[in-house]
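Here are some short exercises to work through with the structure open beside you. Try each task first, then follow the steps of the solution.

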Amino acid sequence: MGYVAVTAGEEIIERAADLFEKQRLAGDSEGLDVDQLDDQLGRLTAQAMSEGGLYAPRLAALAVKQAQGDTVEAAFLLRAYRSTLERFDETPAVDPSEMIATRRVSPAFKDVPGGQILGATKDYTQRLLDFDLVDGESADPTEDWDLADEGDPERLTTVTELLRSEGLLHEPDEPDVDDPTDTTRESVTHPPERDAVLQELARGETGAVTALGYSALRGYGQVHPTLAEVRVGRLPVRIEHPYTGDEVTVTHADVTESEAVVPVYEKREDPQFAFGYGLTFGRNERKAIGMTVLDASIQLDGDDEPAENAEFVLDTIDGMDSFGFIEHLKLPHYVTFQSILDRIRAIRERGGTAEAGRDDPADDESADRQPIAEASDND
């Protein structure tokens with residue numbers, strides 16, 4: 001649910017929007033085009049896509065440009081656009097093990113089957129400003145690499161598959177429904193099923209997901225997981241052929257996936273690992289890991305820690321909700337504030353504190369001023 005200002009002088013609103021657009025054009029530099037945003041700021045567009053719940057990199061780049069870099073606003077634009085689209089069909093579920101991984105790290109095992117794939121990352125370098133980027137683009141540092149054709153990528157065995165094959169991974173109960181809940185069309189009810197939790201976490205605002213996941217690690221929760229692995233790559237998107245009925249791959253989607261394991265100490269006779277899962281559109285490892293922590297925490301179904309309370313987490317992480325509630329405070333509250341003001345004044349007068357706390361009008365020029373708030377027809 002989001003809030004938008006809908007009443008005011010129409011001309012004033014249009015002029016304010018014009019000024020907002022002028023801010024983007026006010027500088028001396030060339031304007032950014034959508035292709036530049038899509039090609040060079042992939043992390044930004046990925047965040048907008050995941051929070052908007054729409055995999056469309058070019059539209060996400062357009063939304064980021066229109067929102068002047070505000071990712072929550074960009075996600076709002078994408079959700080609004082998505083709501084206008086007709087749903088023609090649904091794609092069959094894809095096994096994440098089919099991912100063509102460009103990055104795969106496992107903090108759990110050094111010699112994981114398929115090997116560690118660092119891929120493109122600066123995780124292991126110092127965070128220093130690169131002033132070579134000020135005057136232009138630096139040269140491609142990989143252009144001299146002698147790369148041999150290794151053929152098609154192999155399917156990677158996930159760490160959780162290994163643990164599951166040994167019976168070390170606790171399997172959650174099967175859901176009572178055949179089809180997963182679509183939280184973009186059905187309101188989430190509490191207590192939510194796990195599929196609804198994962199969908200809402202996937203669309204959660206990155207900062208909120210990270211912060212609540214961090215709260216569990218900081219002691220406001222019982223989950224401090226070991227990451228089985230974090231993977232970045234491409235998953236196939238398939239549809240059912242309208243004539244043959246066969247599944248056909250029509251494109252691939254960039255995703256980030258994270259899996260974590262947590263010891264379950266309650267089962268002393270048959271100790272196992274519980275696990276948390278996270279998957280987001282595009283490259284967003286931080287959010288995927290935060291999502292993993294929250295998924296594992298919510299499965300504990302506790303009431304004492306914020307990260308274990310599904311209702312608290314899901315009501316807090318949605319960027320549209322938090323964006324709307326926070327920013328609606330900027331909208332006129334003339335009537336409600338006047339009512340509060342009247343009550344405060346009445347209580348003070350009944351208690352005899354009104355005169356005691358009031359300055360001497362003879363010494364205060366403000367005594368001649370107009371009341372600080374009055375209800376009007378514009379409330």
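**Exercise 1. A residue on a surface patch**

In which helix is the place of Leu62? Then decide whether Leu62 is buried, partly exposed or exposed, and name the patch that includes Leu62.

Solution. Keep in mind that this is a predicted model.
- Step 1: Leu62 sits in helix α4.
- Step 2: The relative accessible area of Leu62 is 41%. Buried means under 20% and exposed means over 50%, so Leu62 counts as partly exposed.
- Step 3: Leu62 belongs to a nonpolar surface patch together with Leu59, Tyr81 and Leu85. The accessible area of these residues together is about 330 Å².

**Exercise 2. The surroundings of Asp70**

Locate Asp70, and find which backbone nitrogens its side chain reaches.

Solution.
- Step 1: Asp70 lies in the loop between α4 (57–66) and α5 (71–82).
- Step 2: With a relative accessible area of 33%, Asp70 is partly exposed.
- Step 3: The Asp70 side chain comes to 3.1 Å from the backbone nitrogen of Val72. A polar atom of that side chain also lies 3.2 Å from the backbone nitrogen of Glu73.
- Step 4: Now look along the chain: Ala48 is 22 residues from Asp70 in sequence, and their C-alpha atoms are 8.9 Å apart in space.

**Exercise 3. Three salt bridges**

How many salt bridges does a search of the whole structure find? Describe the pairs Arg15 with Glu11, Asp318 with Arg79 and Asp123 with Arg103.

Solution.
- Step 1: The search finds 19 salt bridges. Side chains of opposite charge can pair when their charged atoms come close.
- Step 2: In the salt bridge of Arg15 with Glu11, the closest N and O atoms are 3.3 Å apart. Both residues lie in helix α1 (residues 10–25), 4 residues apart, or about one turn of the helix. Arg15 and Glu11 are both exposed.
- Step 3: Asp318 and Arg79 form a salt bridge at 3.3 Å, N to O. Asp318 is in the loop between α10 (310–317) and α11 (319–327) while Arg79 is in helix α5, so this pair ties together parts 239 residues apart in sequence. Both Asp318 and Arg79 are buried.
- Step 4: Asp123 meets Arg103 at 2.9 Å, N to O. Asp123 is in the loop between β1 (100–105) and α6 (159–165) and Arg103 is in strand β1, so the pair ties together parts 20 residues apart in sequence. Asp123 is partly exposed, at 37% relative accessibility, whereas Arg103 is buried, at 2%.
- Step 5: Through shared partners, salt bridges join Arg103, Asp123, Arg283 and Glu285 into one network.

**Exercise 4. Inside the nonpolar cores**

Which residues have the most contacts inside the largest nonpolar core, and which element gives the most to this core?

Solution.
- Step 1: In soluble globular proteins, nonpolar side chains tend to be buried together.
- Step 2: The largest nonpolar core has 20 residues, and those with the most contacts inside it are Leu201, Met291, Leu294, Val313, Leu314 and Ile317.
- Step 3: Two or more residues of this core come from each of α7 (194–202), α8 (206–217), α9 (285–298) and α10. The most come from α9, with 5 residues.
- Step 4: Neighbours within four places in sequence aside, Leu294 is in contact with Leu201, Val209, Leu212, Gly213, Ala307 and Val313.
- Step 5: Another core lies apart from this one; it has 10 residues, including Met49, Leu54, Ala56 and Leu78.

Note on methods:
Residues numbered from 1 in each chain as written. Predicted model: local features only at pLDDT ≥ 70, side-chain atom pairs only at ≥ 80, totals over all residues. Heavy atoms only, no water. Buried < 20%, exposed > 50% of the residue type's maximum accessible area, 1.4 Å probe, protein only. Polar contact = N/O pair within 3.5 Å; in protein donor to acceptor, adjacent residues only side chain to side chain. Patch = residues over 30% accessible without salt bridge, like charges linked within 9 Å, V, L, I, M, F, W, Y side chains within 5 Å. Areas by Shrake-Rupley, 256 points an atom, 1.4 Å probe, with all protein chains shown as cover. Salt bridge = Lys/Arg side-chain N within 4 Å of Asp/Glu carboxyl O. Core = buried A, V, L, I, M, F, W, Y, C linked by side-chain atoms within 4.5 Å. Contact = heavy atoms within 4.5 Å.
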